[in-house]
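Colleague: I am new to this structure. Can we go through it in short questions and answers?

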Amino acid sequence: MCYRKGETMYRLSHIQIKVKSIEQGINDFEKLGFTVERGGRNSRNAFIWFEQGAFIELLEMHNCDKIFGYFFGMIYGKAMKERWKKWCQNREGLIDFAIEPSDSYKLNIDNFQIVRQEAQEMTLYPSKVITWSRRNIRGEKVCFSYLPILPSSLPFFVSSYDIPQKPNKIIHRNGAKKIRYIDLTYDKDEYAIISNIIMEDPYIRLHLGNTFRINSIGIEGLNRKLETRLLHKAKIERC
């Protein structure tokens, strides 16, 4: 598989912040000045959208949910089981991130199987493509696909929604305009892999280290310092 220098295969889609309670998470991030939209009436996730670029997903999952990972593993494969276990771990904060094809054709849910083929060619040990649906707060049925890979420290792949979810206009009281970067540390081997996947995506900052870590995210336009106690251990920087 050959790509021109400087061509981005995949780009940052969204960043997950784990919270112990989605109700508390929504409340706290609204206090911080963000506009938050719940994923559905009774869902355990919520979204902080931006008019441009990537978004933030608040996610509530618990250690007791791990049991479902074994069932998903039997259906979809080991990569799904390991990703689910990662989401269920008992800690809050920046827990995971997703990337999407920069090519609009591959991004479309109907063509997302191409992404799995590419992941196999890159020896990323993907699961089967998982297509999911939910009812959003407007009652619309929204479908999307995602693809876990191994190791689970690498990002997972996502398609576009079959009904666009990002609002055309959104205002955050704290002045937030867009996610400027996600700052990551990888060991030597995984650094080489992720570098090959994302090429030169300016929104993903990579560092060499001993182990994987999501260090921080930077948000452009913030007009105030965010109270640490409300961030659920996520590190968000003004830029």
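Colleague: Is lysine 85 buried, partly exposed or exposed?
Modeller: This is a predicted model. Partly exposed means a relative accessible area from 20% to 50%. Lysine 85 has 27%, so the class is partly exposed.

Colleague: Which side chain does lysine 85 meet in a salt bridge?
Modeller: Look within helix H3, residues 78-88. The partner sits 3 residues apart from lysine 85, about one turn of the helix. Residues three or four places apart in an α-helix point the same way, because a turn takes 3.6 residues. The N to O distance is 3.6 Å, and the partner is glutamate 82.

Colleague: With which residue does arginine 83 form a salt bridge?
Modeller: The closest N and O atoms are 3.0 Å apart. Arginine 83 lies in helix H3 and the partner in strand E5 (residues 93-101), so the pair ties together parts 13 residues apart in sequence. Arginine 83 is buried, with a relative accessible area of 0%. The partner is buried too, also at 0%: aspartate 96.

Colleague: How far apart are the closest N and O atoms of glutamate 220 and arginine 180?
Modeller: Glutamate 220 is in strand E11 (residues 213-220) and arginine 180 in strand E9 (residues 178-186). They are 40 residues apart, so this pair links distant parts of the chain. Glutamate 220 is partly exposed at 26%, and arginine 180 is partly exposed at 30%. Their salt bridge has its closest N and O atoms at 2.4 Å.

Colleague: What is the nearest side chain of opposite charge to aspartate 201?
Modeller: Aspartate 201 is in the loop between helix H6 (188-198) and strand E10 (204-208). A polar atom of its side chain lies 2.9 Å from the backbone nitrogen of leucine 12. Aspartate 201 is buried yet has no salt bridge. At 7.0 Å, the nearest side chain of opposite charge is arginine 11.

Colleague: Which residues does aspartate 65 touch, leaving out those up to four places away in sequence?
Modeller: Aspartate 65 is in the loop between E4 and H2. Its relative accessible area is 7%, so aspartate 65 is buried. With those sequence neighbours left out, aspartate 65 touches Arg44, Trp84 and Cys88.

Colleague: How much accessible area does the nonpolar patch with Ile67 have together?
Modeller: Isoleucine 67 is in helix H2 (residues 66-76). At 49%, isoleucine 67 is partly exposed. The patch joins Ile67, Phe68, Tyr70, Phe71, Met74 and Ile75 on the surface. Together they have about 670 Å².

Technical notes
Residues are numbered from 1 along each chain as its sequence is written. This is a predicted model: local features need pLDDT of at least 70, side-chain atom pairs count only at pLDDT 80 or more; totals for chains, interfaces and linings use all residues. Side-chain values use heavy atoms; hydrogens and water are left out. Helices (H or I, at least four residues) and strands (E, at least two) are DSSP runs, numbered from the N terminus. Buried means under 20% relative accessible area, exposed over 50%, partly exposed in between (1.4 Å probe, protein chains only). Lys and Arg count as positive and Asp and Glu as negative; His and the chain ends are not counted. A salt bridge is a side-chain nitrogen of Lys or Arg within 4 Å of a carboxyl oxygen of Asp or Glu. A polar contact is a pair of N or O atoms within 3.5 Å; within protein, one must be able to donate a hydrogen and the other to accept it, and residues adjacent in sequence count only if both atoms are side-chain atoms. Patches are made of residues with over 30% relative accessible area and no salt bridge: like charges are joined within 9 Å, nonpolar side chains (Val, Leu, Ile, Met, Phe, Trp, Tyr) within 5 Å. Accessible areas come from the Shrake-Rupley method with a 1.4 Å probe; for residues, only the protein chains shown count as cover. Contact means heavy atoms within 4.5 Å.
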